[in-house]
Amino acid sequence: MIVRSLEEIQNTDRDVRANNGNWESRRLILNDDAVGFSLHDTIIHAGTETLLWYKHHIEAVYCIEGEGEVETTETLKSYPIKAGTVYLLNGNERHWLRARTTMRMVCVFNPAVTGNEVHDADGSYCPGAEHHS
Ligand code: 9YT
């Protein structure tokens, strides 16, 4: 069994900030834990909009604080997000994430994020940086 707290991973290499300053991702469970998924406690800063595209992952995002919206770039369909709402990117949808207030999200990725991925200009996680176990 693994027991880990947010407190103990803060300001370690499991605590990752976006280059553009839009979000901070605290990775509680990662690929090296070898369980097939990763679990992140993520802060999306108020007033930001971020283009994201997980071409190689399925992501579930459960909002536990704040409000904003998610919009798919293909259909231009926008969904309001607030505490208690989950969205599931089960079709690898490219999307905009907009935070009206600071949002706190619990994110689950399958396959697990390794920690080496970087967001490309097109919003995707660079596959070259992925190492699946
Ligand atoms: C909700 C979302 O996709 N935020 C971007 C950061 C990402 N979840 C990560 O690397 O934790």
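Analyst: Buried means under 20% relative accessible area, exposed means over 50%, and partly exposed is anything in between, as computed with a 1.4 Å probe on protein chains only. The model is predicted, so local features need pLDDT of at least 70 and side-chain atom pairs pLDDT 80 or more, while totals for chains, interfaces and linings use all residues. Residues are numbered from 1 along each chain as its sequence is written, and side-chain values use heavy atoms, without hydrogens or water.

User: What makes N92 partly exposed?

Analyst: The relative accessible area of N92 is 28%, so the residue falls between the two limits and is called partly exposed. N92 sits in the loop between β8 and β9, and although it is not a glycine, its phi is positive, at about 50 degrees.

User: Why is A34 called exposed?

Analyst: A34 has a relative accessible area of 58%, which is over 50%, and therefore counts as exposed. A34 belongs to the loop between β2 and β3 and, without being a glycine, has a positive phi of about 60 degrees.

User: Why are positive phi values remarked on at all?

Analyst: Most residues other than glycine have a negative phi, and most peptide bonds are trans, so departures from either are worth noting. On the second count, the peptide bond from N110 to P111 is cis, with omega near 0 degrees; P111 lies in the segment after β10.

User: How do you know how many helices and strands the protein has?

Analyst: Elements are DSSP runs numbered from the N terminus, where a helix is H or I over at least four residues and a strand is E over at least two. On that basis the protein has 1 helix and 10 strands, and along the sequence the helix precedes the strands in the pattern α-β-β-β-β-β-β-β-β-β-β.

User: What makes β4 and β9 a pair?

Analyst: Two strands pair if DSSP finds at least two bridges between them; β4 (residues 49-53) and β9 are joined by 5, so they qualify, and they run antiparallel. Within this pair, L51 is the bridge partner of W96, and L52 that of H95. Strand β6 (residues 67-72) is likewise joined to β9 by 5 bridges, again antiparallel, with E69 opposite R98.

User: Which strands are called edge strands in the sheet that contains β9?

Analyst: This open sheet has 4 strands in the order β4-β9-β6-β7, with antiparallel pairing. Its edge strands are β4 and β7 (78-82), each pairing on one side only. The twist from one strand to the next averages 25 degrees, where axes are lines fitted to C-alpha atoms (for helices over the stretch in contact) and angles run from 0 to 180 degrees between N-to-C directions.

User: What is the strand order of the open sheet of 6 strands?

Analyst: The order is β1-β2-β3-β10-β5-β8, with antiparallel pairing. Here β1 (15-17) and β8 (86-89) are the edge strands, and the twist averages 20 degrees from one strand to the next. Within the sheet, β2 (residues 23-29) and β3 (residues 38-44) share 6 bridges, and I29 stands opposite L39.

User: Why is R14 called buried?

Analyst: R14 has a relative accessible area of 12%, which is under 20%, so it counts as buried. R14 lies in the loop between α1 (6-9) and β1, and its contacts (heavy atoms within 4.5 Å), leaving aside neighbours within four places in sequence, include I9, S25, L28 and D33. Its side chain also reaches the backbone oxygen of L28 at 3.4 Å.

User: Which residues touch the most other members of the largest nonpolar core?

Analyst: A nonpolar core is a set of buried Ala, Val, Leu, Ile, Met, Phe, Trp, Tyr and Cys residues joined through side-chain atoms within 4.5 Å. The largest has 19 residues, among which I44, I81, Y87, L97, M103 and M105 touch the most other members. Two or more residues come from each of β5 (58-65), β8, β9 and β10 (103-110), and β10 gives the most, with 4. L97 lies on the buried face of β9 (residues 94-99) with H95 and A99, while R94, W96 and R98 point to the other face and are not buried.

Notes
A polar contact is a pair of N or O atoms within 3.5 Å; within protein, one must be able to donate a hydrogen and the other to accept it, and residues adjacent in sequence count only if both atoms are side-chain atoms.
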